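Dear colleague,

I am passing on the structure we spoke about, and below it I have set down what was found. Please look it over before reading on.

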Amino acid sequence: MTPLPGYMAWCLAGLLLCAALLVLRRPAARLLRLALRSSVGLAILALFSQVGHLIGVSLGVNLVNALVLGLLGIPGFGLLLLLQWVLR
């Protein structure tokens, strides 16, 4: 078996990359959406940590809380507040 010429190897690699992108398009889009929503949740947690002490409530600014906010949204924020209240 003879090795492929350079341009054939690049063409084959490009076709394999295109096929992989077509197959993984939906999971990659979902992961990107989760990452964007979690980054917004992290920003909200950071803002809440600045003003939360005024009302006597504090939530940790960490990745787990940001992922909860990214997955659940506003109900997740309520869940985090409820968990913080119950565990105190």
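A word of caution to begin with: this is a predicted model. A good place to start is helix H3, whose buried residues pack against helix H2 (25–55) and H4. The buried residues in H3 are Asn65, Ala66, Leu69 and Gly70, and, when one looks down the axis of H3, they fall within an arc of 140 degrees, so they line one face of the helix. Such an arrangement is in keeping with a general property of the α-helix, which has 3.6 residues a turn, so that residues three or four places apart point the same way. On the other side of H3, by contrast, Leu63, Val64 and Leu71 are exposed.

The two ends of this helix also deserve a look. At the start of H3, the backbone nitrogen of Val64 has a side-chain oxygen of Asn62 within 3.4 Å, while just after H3 there is Gly73, which takes a positive phi of about 75 degrees.

Turning to the surface, you will find a nonpolar patch formed by Leu71, Leu72, Leu79, Leu82, Leu83, Trp85, Val86 and Leu87, which together have about 880 Å² of accessible area. Two or more residues of the patch are given by each of helix H3 (63–72) and helix H4 (74–86), and the largest share, five residues, comes from H4. Leu87 lies in the segment after H4; its relative accessible area is 71%, and because exposed means over 50%, Leu87 counts as exposed.

With best regards

Methods: Residues are numbered from 1 along each chain as its sequence is written. This is a predicted model: local features need pLDDT of at least 70, side-chain atom pairs count only at pLDDT 80 or more; totals for chains, interfaces and linings use all residues. Side-chain values use heavy atoms; hydrogens and water are left out. Patches are made of residues with over 30% relative accessible area and no salt bridge: like charges are joined within 9 Å, nonpolar side chains (Val, Leu, Ile, Met, Phe, Trp, Tyr) within 5 Å. Accessible areas come from the Shrake-Rupley method with a 1.4 Å probe; for residues, only the protein chains shown count as cover. A salt bridge is a side-chain nitrogen of Lys or Arg within 4 Å of a carboxyl oxygen of Asp or Glu. Helices (H or I, at least four residues) and strands (E, at least two) are DSSP runs, numbered from the N terminus. Buried means under 20% relative accessible area, exposed over 50%, partly exposed in between (1.4 Å probe, protein chains only). The arc is that of the directions from the helix axis to the C-beta atoms. Contact means heavy atoms within 4.5 Å. A polar contact is a pair of N or O atoms within 3.5 Å; within protein, one must be able to donate a hydrogen and the other to accept it, and residues adjacent in sequence count only if both atoms are side-chain atoms.
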